[in-house]
Amino acid sequence: MQQTFGVGAEASQWSYTITLLVGATLTPLLGRLADGRRRRPAMLVVCALVSLGCAISAFGTQFGIFLAGRALQGIAVALVAMTIACARDLATGTATVRLVALLSITTALGAGAAYPVTTFTADHFGLRAAYGGAAVLALLVTLAVAAGLPGTVPVDRSSQLDVRGAVVLIAATASVLLAISQGNSWGWSSTRVLVLGALALVLLLLWIRLELRAAHPLVELRLFARRNVLAAHLTGLLMGVSLYNTPVLITRIGLAPTSTHFGVGLTLSAIGVVMIPIAVGNYLSSRTATAVARVWGRRVALASGGVVGALGPLMLIKVDGRLWLLVASVVLTSCGAGATFGILPGLVVDSVEPGETGSATSVNILLRAVGGAVGSAVTAALIGAAAGPEGSGEATMTGLTWAAAACAATCAASVVLSCCVPSRRVRSEQRLAAVEPVPLPGTD
């Protein structure tokens, strides 16, 4: 992006920030829409806007236009919660448990599969070609949703939307994420950061009051009193730090020249190949965690995911130019994330009614994004605090070590938090089997 548009590192960071802001702020609203009768048109609009956003980023000649496309792409974050709500209505029994676990890691599966393709395309054909290809793929997804997604939902499902709550939550989330994302560059004690923080706090308190009084709230806050839901949300917040930031550290170390005594000296295309295990690791570990939870309980499954996830960033501390340790970090990080995020949605789904699935899971995804924003700010601050010679801005092994240790620490904290999860074996198959499936068009 810096080469294509001639912008600096701070400006190019907005391509990440704006996507995170839009995705995190709109996810609860779109998740609530997925619970009601507007599900099918809402998903179609989301997919179409993502395709349009990719096209805008591909053909935009100015950086501001490119960012507008990136903002539209952020809406795709909500699709995970929306598809989980569909699965809850359209599948039954053990199939629902497996499907929810799989859907919860689809973002990682897509990233692992796309890394080698997108990095090769950007490396050899430019940034615009990579976004142009993404626009075509998103358009195909839109057509698939239009052709295959049933529009039927239970007739007694409420279609009312808490508009006031949605507006206030969007404003509060945008304020806090903007302050966190830009705190390192603006200064944590700057007027802008302090004002945004205070505004976020006031809006959050107002939103809580509105939700507790609303007849059809955007998010049923009383669910937080349930131990499973609270543990799932806090674990998602903690693991989001590593999920979003360890791959960034892996990329920086992999691209750094060997003369730094910690870099591996890979090309951008080679980094894409190194990232392939993300898809495989997430999928296999999700399936394994589901089996472990069925036999030994979700507490053990979640704790295992946190332990394995912590080992991933710790591997980066000893890379010292060795490619196999970089690959080991990718594998361990992806396995930890897959195991954890394959279990979390099940904890939420088991604790809510079918009509609240999209709303409840969207909060979990929102908190993952918040964890990612916090982790991004913290890791950037740690790397910047131990940067190279003044004016160079180069990362050092000391800064990268601190950042990797911070990612590992949040995973370790999630292990402690897993003790809050009931130790009994998973009963979700029996509970979900009792949910009447929605008849598909053309069936009896």
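Reader: Which element gives the largest share of the lining of the second largest pocket?
Author: The model is predicted, with pLDDT of at least 70 needed for local features and 80 or more for side-chain atom pairs, while totals for chains, interfaces and linings use all residues. Residues are numbered from 1 along each chain as its sequence is written, and side-chain values use heavy atoms, without hydrogens or water. A pocket is an open set of 1 Å grid points where a 1.4 Å probe fits, with protein on both sides within 12 Å along at least five of seven lines, and lining residues have an atom within 4 Å of a point. With 6 residues, the largest share of this lining comes from a helix (DSSP run of H or I, at least four residues), α11.

Reader: How many charged residues are in that lining?
Author: Nonpolar residues number 19 and polar ones 3. The count of charged residues (Asp, Glu, Lys and Arg) is none.

Reader: How many disulfides does the structure hold?
Author: A disulfide needs two cysteine sulfur atoms within 2.5 Å. The sulfur of Cys47 is 10 Å from the closest cysteine sulfur, in Cys86, so a bond is ruled out there. Searching the whole structure gives a disulfide count of 0.

Reader: Is Cys47 buried or exposed?
Author: Buried means under 20% relative accessible area, exposed over 50%, with a 1.4 Å probe and protein chains only. Cys419, at 51%, is exposed. Cys47 has a relative accessible area of 5%, so Cys47 is buried.

Reader: Which residues does Leu302 contact, leaving aside neighbours within four places in sequence?
Author: Contact requires heavy atoms within 4.5 Å. Leu302's contacts are Thr340, Ile343, Leu344, Leu347, Ser418 and Val421.

Definitions and conventions
Helix = DSSP H or I, 4+ residues; strand = E, 2+ residues; numbered from the N terminus.
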